[in-house]
There are 2 protein chains.
Amino acid sequence: MTADARSFLPGWHRIVAERDLDALFEVLADDVTMATPPYWDRLAGRDLVHHLLGIIIETIEGFTYHREWVEAGELALEFRGRVGDCELQGIDLISLDESGRIRALDVMVRPANALAALRERVAPRMQAFLAERAAAGPEG
Amino acid sequence: MTADARSFLPGWHRIVAERDLDALFEVLADDVTMATPPYWDRLAGRDLVHHLLGIIIETIEGFTYHREWVEAGELALEFRGRVGDCELQGIDLISLDESGRIRALDVMVRPANALAALRERVAPRMQAFLAERAAAGPEG
């Protein structure tokens, strides 16, 4: 699994750098869950996590990875970027499943003003997505 | 350095579990800096970082380390705990110097309500310490 986890990295870097949302979807497990910076409860399901991640990587400017750690199928990836005038530092804690797809992603960011700026931009778009989904009904 | 970084862990775990503030001081480099969850600017200097870390490990209840990553002299340590009614998840990113002491520590926590609860408890004690130090003058 260690080899798989290291081989996951170049593809992941490319997806984030190019904001490749189709490839992002492919790398998420069906039952992926995500722990977000603002809330304790995890977001569950491929569609939801894919949509939120897409908004986040579109919102953070100058997104670059820095220190990276790999232990078996678990990765810790430090990133930096900007939201508006706020410098931002964050970490992605990623758990891969047997097939090398993301089954859990925990994200933390600092400092508090950057998190607030990120929420301000991400929350309305996420709420619009959830409202659309709800309006479309259970088949939507 | 990899062997050193891994051998750093048992001592660090003991310091945090036993809240051993003397041993905590010994493991910090003179010019240690710390990136805290609320602010962008780093805190610099052994006394300041030692005092803040002491307050933080006294404030977080049920502090336990979970996933841990080591790459050369760089460590990423996931922790969990509680502040009041808030569950908290965090990460310590630690850089060791040549002598195996901490020269940089970056801390991120989630979710936002746990960070707010932590700040509420830590900030007044840290302000009191800074006021005392200022009153004692440059020799203090």
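Which residue in β6(A) is the bridge partner of L28(A)? In this predicted model, the partner is I102(A). The pairing belongs to a longer contact between two strands. Strand β1 of chain A covers residues 28-35, and strand β6 of chain A covers residues 102-110. The two strands run parallel and are joined by four bridges. M34(A) also faces β6(A), where L105(A) stands opposite.

Strand β1(A) has a second neighbour, strand β2 of chain A, made of residues 43-44. Here the pairing is antiparallel, and two bridges hold the record of it. M34(A) takes part: its bridge partner in β2(A) is L43(A). M34(A) is thereby linked with L43(A) in β2(A) and stands opposite L105(A) in β6(A).

These pairings belong to an open sheet of six strands in chain A. The order is β2-β1-β6-β5-β4-β3, and the pairing is mixed. Which strands lie at the edges of the sheet? They are β2 and β3 of chain A, the latter spanning residues 61-71. Each of the two pairs on one side only. In a regular strand, side chains alternate between the two faces of the sheet.

Two helices of chain A are placed against these strands. Helix α3 of chain A, residues 46-59, lies across β1, β2, β3, β4 and β6 of chain A. Strand β4 in this list covers residues 74-83. The helix runs at about 60 degrees to β1(A). Helix α4 of chain A, residues 112-136, packs on the sheet as well. Helix α4 touches β2, β4, β5 and β6 of chain A. Its direction makes about 65 degrees with that of β5(A), the strand of residues 86-96.

Aromatic rings were examined next. A pair of aromatic rings is described by the distance of the centres and the angle of the planes. A search of the whole structure finds eight aromatic pairs over all chains. One of them joins F8(A) and W12(A). This pair is stacked, with 5.6 Å from centre to centre and 20 degrees between the planes. Why are the two residues separated by about one helical turn? F8(A) and W12(A) are four residues apart in helix α1 of chain A, residues 2-18, and therefore lie about one helical turn from each other. Both F8(A) and W12(A) are buried.

F63(A) and Y65(A) are arranged edge-to-face, because their planes meet at 80 degrees with the ring centres 5.1 Å apart. Are these two residues buried or exposed? F63(A) and Y65(A) are both buried. Together with F79(A), they form one aromatic cluster.

A charge is also found over a ring. In chain A, the charged end of R46(A) sits over the ring of F25(A), 4.1 Å from the ring centre. In chain B, R46(B) lies over the face of F25(B), at 4.1 Å from the ring centre.

How are the two chains related? Two copies of a chain are related by a rotation about an axis and a shift along it. Chain A can be laid on chain B by a turn of 180 degrees and a shift of 0.0 Å along the axis, with an RMSD of 0.0 Å. The copies are therefore related as by a two-fold rotation axis. Of the interface residues of chain A, 100% are also interface residues in chain B, so the copies meet through the same surface.

One residue of chain B completes the account. N113(B) is placed in helix α4 of chain B, residues 112-136. N113(B) is partly exposed, with a relative accessible area of 44%. E87(B) lies 26 residues away from N113(B) in sequence, and the C-alpha atoms are 8.9 Å apart in space.

Note on methods:
Residues are numbered from 1 along each chain as its sequence is written. Chains are lettered from A and ligands numbered from 1 in the order in which they are written. This is a predicted model: local features need pLDDT of at least 70, side-chain atom pairs count only at pLDDT 80 or more; totals for chains, interfaces and linings use all residues. Side-chain values use heavy atoms; hydrogens and water are left out. Two strands pair if DSSP finds at least two bridges between them. Contact means heavy atoms within 4.5 Å. Axes are lines fitted to C-alpha atoms, for helices over the stretch in contact, and angles run from 0 to 180 degrees between N-to-C directions. Rings of Phe, Tyr and Trp (its six-membered ring) pair if their centres lie within 6.5 Å; planes under 30 degrees apart count as stacked, over 60 as edge-to-face and the rest as tilted. Buried means under 20% relative accessible area, exposed over 50%, partly exposed in between (1.4 Å probe, protein chains only). A charge sits over a ring if NZ of Lys or CZ of Arg is within 6 Å of the ring centre and within 35 degrees of the ring normal. Copies are superposed by least squares on the C-alpha atoms of residues with pLDDT of at least 70 in both.
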